[in-house]
Amino acid sequence: MIVLGIESSCDETGVALYDRDRGLLAHRLHSQVALHAEYGGVVPELASRDHIRRLPQLIAQVLADAGIARRDLGAIGYTSGPGLAGALLVGASVAVSMAFALDIPALPIHHLEGHLLSPMLSADAPAFPFVALLVSGGHTQLMRVEGVGCYRLLGESVDDAAGEAFDKTAKLLGLGYPGGPELARLAETGIPGRIPLPRPMLKADHLDFSFSGLKTAVLTAYNNGNRTEGGRADLAAEFQQAVVDVLVAKSIKAVERSGLETLVVAGGVGANRHLRGALDEACRQRGWRACYPEPELCTDNGAMIAFAASLRVTAGLAGPSDQSIVVRPRWPLEDDRVQSAWG
Ligand code: KG4
Ligand code: ZN
């Protein structure tokens, strides 16, 4: 069965085709980074309008790329939440109306489910069960993943997400949007430890995170004589190191406690090279596996949505098909509409 996936939760329009038997057939992405850059962050109304502009042509393009006709589609998966309400509504409206016209099911997919299953799209895919570290612009969570629709939250950020902390810190260091990659680039020219920053909740026994204090510590240090080029680079390097130290320590603790031996890393911050290096090394020392999505599938994309929808159809979790267009801007992954019964 071929599934069309549509992602429009934030500032990326992603469309993909996934075939249960042949894998990923095509995927295309339009990033709105240039559109929002002059505002220093995502402007929701502009995001919605741009999704409307891009979606029809992206859908036509992936069908052409794969040599597939609309009538060959077996289902359509779309991001139903969490995300920006208007942006989600665009993808949901297109998906539900197209599915209605083709008389096929439309599946509302949880954005984070897409992210945490995305490493399974790579050639060397991990097998269930595993521990997942989800680090995006909106979420920092550790989950135990038993199977499709079986996700248990182990710990999460009590304030800013890791990506949000990267973005906010980048902004106060005068870097462009999106801040994560820019800050990572600046960090390469600095030396961590020269301007010490805290490692929030590093020693705590639980698996929760806190990143908002770190950004405040950067601001204080920045205003206390570190506004030079070298000072900014050292601050970026130490900030990145602090986030990586905490993410690695908590992830290792989570895997240890789970009794499992596979750590899956997903979400935009998972593209950070320094984080990957540290997680790889920590897992290697313990004889565990660390798995990541293909680099192009780390940030938001349609492939992870098509894939999650395909797995849900196969697992019998498609749910009753109706034509209502529902988006859930705030939607916990623990919701019954995402979780299947624990087997
Ligand atoms: O998963 P994602 O594309 O969108 C959300 O669902 O949030 O993640 C975007 C986040 C942004 O905060 C961005 O700054 C961060 O991922 N990011 C990075 C890197 N690449 C993207 N953070 C640190 N280092 C990177 N290389
Ligand atoms: Zn995302």
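Which domains does the shell around ligand 1 draw at least three residues from? I began my notes with this question, and I keep in mind throughout that the model is predicted. The shell draws at least three residues from each of domain 1, which spans 2-116 + 297-339, and domain 2, which spans 128-292.

**Entry 1: the ligand shell**

I looked up the surroundings of ligand 1 and found 17 residues around it, the closest being Gly 137, Asp 167, Gly 180, Gly 268 and Asn 272. Sorted by character, the residues of this shell divide into four nonpolar, eleven polar and two charged.

I then went through the polar atoms beside the ligand. For Asp 167, I noted a polar side-chain atom 2.6 Å from an oxygen atom of ligand 1. For Asn 272, a polar side-chain atom lies 3.0 Å from a nitrogen atom of the ligand. With Asp 300 the backbone takes part, since one of its polar backbone atoms is 3.2 Å from an oxygen atom of ligand 1. I next looked up how far the ligand is covered: taken alone it exposes 550 Å², and the protein buries 86% of that.

Which elements give two or more residues to the shell around ligand 1? I listed α4 (111-117), α5 (162-172) and α6 (179-187). The largest share, three residues, comes from α5.

**Entry 2: strand β1 and its partners**

I turned to strand β1, residues 2-7, and checked its cover before its pairing. The strand is mostly covered, with six of its six residues buried. Ile 2, Leu 4 and Ile 6 point one way from β1, whereas Val 3, Gly 5 and Glu 7 point the other way, and I noted that all of these are buried, Glu 7 included.

Does β1 run parallel or antiparallel to strand β2, residues 12-19? The two strands run antiparallel and are joined by six bridges, and I marked Val 3 as standing opposite Tyr 18 in β2. Together β1 and β2 form a hairpin with four residues between them.

The pairing of β1 with β4 is parallel, with five bridges joining the two strands. I traced two positions along this pair: Ile 2 stands opposite Leu 73 in β4, and the bridge partner of Ile 6 in β4 is Tyr 78.

**Entry 3: strand β4**

I followed β4 further, as Tyr 78 turned up again in its pairing with β5, where it stands opposite Pro 108. β4 and β5 (residues 106-110) run parallel and are joined by five bridges. How many residues of β4 are buried? I recorded nine of the nine residues, 73-81, as buried, so that the strand is described as mostly covered.

**Entry 4: backbone exceptions**

I searched next for unusual backbone angles, bearing in mind that most residues other than glycine have a negative phi, and most peptide bonds are trans.

Which peptide bonds are cis? One of those I noted runs from Gly 81 to Pro 82, with omega near -15°, and Pro 82 lies in the loop between β4 and α3 (85-102). Another runs from Tyr 177 to Pro 178, with omega near -5°, and I placed Pro 178 in the loop between α5 and α6.

For positive phi I noted Asp 103, a residue other than glycine whose phi is near 60°. Asp 103 sits in the loop between α3 and β5, and I entered it as exposed because its relative accessible area is 72%, where exposed means over 50%. Met 201 also has a positive phi, near 60°, and its place is in the loop between α6 and α7 (212-223). Met 201 counts as partly exposed because its relative accessibility is 29%, which falls between the limits of 20% and 50%.

**Entry 5: Val 43**

Last, I looked up Val 43, which is placed in the loop between α1 (33-37) and α2 (44-66). Is Val 43 buried or partly exposed? At 24% relative accessibility it counts as partly exposed, because buried would require a value under 20%. I also noted its separation from Leu 84: the two are 41 residues apart in sequence, and 9.9 Å apart in space from C-alpha to C-alpha.

How values were computed: Residues are numbered from 1 along each chain as its sequence is written. Chains are lettered from A and ligands numbered from 1 in the order in which they are written. This is a predicted model: local features need pLDDT of at least 70, side-chain atom pairs count only at pLDDT 80 or more; totals for chains, interfaces and linings use all residues. Side-chain values use heavy atoms; hydrogens and water are left out. A residue is near a molecule or strand if one of its heavy atoms lies within 4 Å of it. A polar contact is a pair of N or O atoms within 3.5 Å; within protein, one must be able to donate a hydrogen and the other to accept it, and residues adjacent in sequence count only if both atoms are side-chain atoms. Accessible areas come from the Shrake-Rupley method with a 1.4 Å probe; for residues, only the protein chains shown count as cover. Ala, Val, Leu, Ile, Met, Phe, Trp, Tyr, Cys and Pro count as nonpolar, Asp, Glu, Lys and Arg as charged, and the others, Gly among them, as polar. Domain bounds come from an automatic or database domain assignment. Buried means under 20% relative accessible area, exposed over 50%, partly exposed in between (1.4 Å probe, protein chains only). Two strands pair if DSSP finds at least two bridges between them.
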